[in-house]
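Here are a few exercises to work through with the model open on your screen. Try each task on your own, then compare your route with the worked solution.

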Amino acid sequence: MSAKPIEYSPAAFLDPDLTLRVIQEIKRTVTRPWTIMEICGGQTHALFHSGLDELLPSEIELVHGPGCPVCVTSLELLDKALAIATQPDVIFCSFGDMLRVPGSQKDLFSVKAAGHTVKVVYSPMDAVEIARQNSDKEVVFFAIGFETTGPANASSVLQAKALGVKNYSILVSQVCVPPAMHAILSAPGNRVQGFLAAGHVCAVMGYWEYPPIAEKYKVPIVVTGFDALDLAQGILKNVQQLEKGTHEVENAYTRVVTFEGNKSAQKLINEVYQPCDRNWRGIGSIPMSGWELRPAYQEFNAENRFEIGDIHTQESKICIAGSILQGMKKPFDCPAFGTLCTPDKPLGAPMVSAEGACSAYYKYHSLSGIK
Ligand code: SF4
């Protein structure tokens with residue numbers, strides 16, 4: 001028999017006792033093994049940081065999804081970024097995480113160390129301002145990210161256009177969650193039976209794209225936040241559905257997410273971007289899984305502005321990031337984990353990124369698991 005229903009309030013999301021009650025409810029509910037994927041790398045780190053992974057019953061296996069923008073930015077695009085950043089009179093702007101991601105031969109950090117101008121910025125708007133103040137230079141922003149970064153990156157293009165800033169462009173690597181879920185669920189060897197959908201992505205886009213996925217693949221999808229109680233609640237709702245054999249989309253992050261999402265943000269995205277096929281690092285091309293600049297904004301496309309020449313990518317032969325990002329393997333399955341590949345000397349992007357699964361295992365489990 002189930003315990004008294006748990007009442008949630010906004011303040012309750014910081015209450016560890018309530019989280020423990022939800023975990024007890026998970027233990028009461030589960031009767032057999034289930035594999036659940038948290039899509040977002042931020043949620044992977046939150047799960048380990050809170051210790052939730054160790055409190056769950058052994059029947060629940062969590063696998064870690066591709067929702068780490070640094071991890072899935074294609075090697076070809078990263079090599080293009082490196083080629084642009086080494087051109088004269090270029091100021092290359094990027095979020096800090098990208099600087100240590102290995103390209104085929106080098107990374108942006110080593111380009112910076114060699115004397116080229118690579119700046120870490122916290123917003124694309126900072127890059128527009130840098131362009132405004134350096135009219136004799138070409139300023140390029142590395143516009144990576146999921147739906148969450150789309151509005152700000154699109155706004156920077158509109159801002160540059162409105163201000164008449166001609167020396168600003170963006171190198172676009174925007175990716176979208178729902179097509180990746182299709183790719184994971186339809187891949188041979190898929191193990192994912194339920195999803196925790198990323199709350200911040202749904203805050204922008206809503207979750208109206210998810211019911212057809214839940215219906216087609218018969219998987220529950222629960223929109224989930226980032227605190228321990230959010231995550232425990234998302235897992236509980238998945239387990240309840242899996243045990244009952246249902247496949248609904250549920251919103252366990254109602255304090256932030258609505259079904260429609262943020263219409264103003266979506267309008268900004270649709271003004272500047274259009275859907276396109278994208279290559280995901282380690283996974284390959286996923287149809288209509290990204291955005292590119294619309295024809296009206298091609299003057300801001302860094303790929304048009306620079307002569308880059310042929311790019312010959314060379315991925316590490318050891319790195320199994322692609323299998324990890326699709327939930328087929330875990331970081332401990334990688335022979336290089338913690339030995340040839342560490343945060344100080346990464347072979348693959350998931351060991352670099354603050355949202356990467358390998359860096360989460362290294363940070364929180366390298367002492368209890370493999371050294
Ligand atoms: S531990 Fe390093 S080499 Fe192995 S999968 Fe992770 S990033 Fe790639």
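Two strands count as paired if DSSP finds at least two bridges between them. Keep in mind that the model is predicted.

**Exercise 1. Which residue in strand 11 is the bridge partner of C276? Describe how strand 10 and strand 11 are joined.**

Step 1. Begin with the pairing: strand 10 and strand 11 run antiparallel, with seven bridges between them.
Step 2. Now find the partner: C276 is bridged to G290 of strand 11.
Step 3. Look at the connection: the two strands make a hairpin, with three residues between them. In the turn, G282 has a positive phi of about 80°.
Step 4. Finally, see what lies across this pair: helix 13, residues 263–272, crosses strand 10 and strand 11 (284–293) and runs at about 80° to strand 10.

**Exercise 2. In what order do the strands of the six-stranded sheet lie? Trace its pairing and the helix that packs on it.**

Step 1. Walk across the open sheet: the order is 4-3-5-6-11-10, and the pairing is mixed.
Step 2. Locate the edges: strand 4 (117–120) and strand 10 (273–280) each pair on one side only. On average, neighbouring strands are turned by 25° against each other, direction ignored.
Step 3. Find a parallel pair: strand 3 (residues 90–94) and strand 5 (residues 138–145) share four bridges in the parallel sense. Here V90 stands opposite E138 of strand 5.
Step 4. Add helix 5 (residues 75–85), which packs on the sheet and touches strands 3, 4, 5, 6 (168–175) and 10. The direction of helix 5 makes about 165° with that of strand 6.
Step 5. Find an antiparallel pair: strand 6 and strand 11 are joined by two bridges in the antiparallel sense, and Q174 has W291 as its bridge partner in strand 11.

**Exercise 3. Is the pairing in the five-stranded sheet parallel or antiparallel? Place its edges and its helix.**

Step 1. Read the order, 2-1-7-8-9: this open sheet has parallel pairing.
Step 2. Mark the edge strands, strand 2 (60–67) and strand 9 (249–251), each of which pairs on one side only. From one strand to the next, the twist averages 25°.
Step 3. Zoom in on strand 1 (residues 34–40), which pairs with strand 2 over six bridges. In strand 2, H64 is the bridge partner of E38.
Step 4. Place helix 2 (residues 41–50): this helix packs on the sheet and touches strands 1, 2, 7 (194–198) and 8 (221–224). Its direction makes about 120° with that of strand 1.

**Exercise 4. Where does the ligand sit, and how do the residues of its shell divide?**

Step 1. Find the site: the ligand sits in the largest cavity.
Step 2. List the surroundings, which include C319, C334, C341 and C358, along with F337, G348 and M351.
Step 3. Sort the shell: eleven residues are nonpolar, one is polar and none is charged.

Terms used
Residues are numbered from 1 along each chain as its sequence is written. This is a predicted model: local features need pLDDT of at least 70, side-chain atom pairs count only at pLDDT 80 or more; totals for chains, interfaces and linings use all residues. Side-chain values use heavy atoms; hydrogens and water are left out. Axes are lines fitted to C-alpha atoms, for helices over the stretch in contact, and angles run from 0 to 180 degrees between N-to-C directions. Contact means heavy atoms within 4.5 Å. A residue is near a molecule or strand if one of its heavy atoms lies within 4 Å of it. On a 1 Å grid over the protein atoms alone, a cavity is a set of points where a 1.4 Å probe fits but cannot get out, and a pocket is an open set with protein on both sides within 12 Å along at least five of seven lines; lining residues have an atom within 4 Å of a point. A molecule sits in a cavity or pocket if more than half of its atoms lie within 2 Å of its grid points. Ala, Val, Leu, Ile, Met, Phe, Trp, Tyr, Cys and Pro count as nonpolar, Asp, Glu, Lys and Arg as charged, and the others, Gly among them, as polar.
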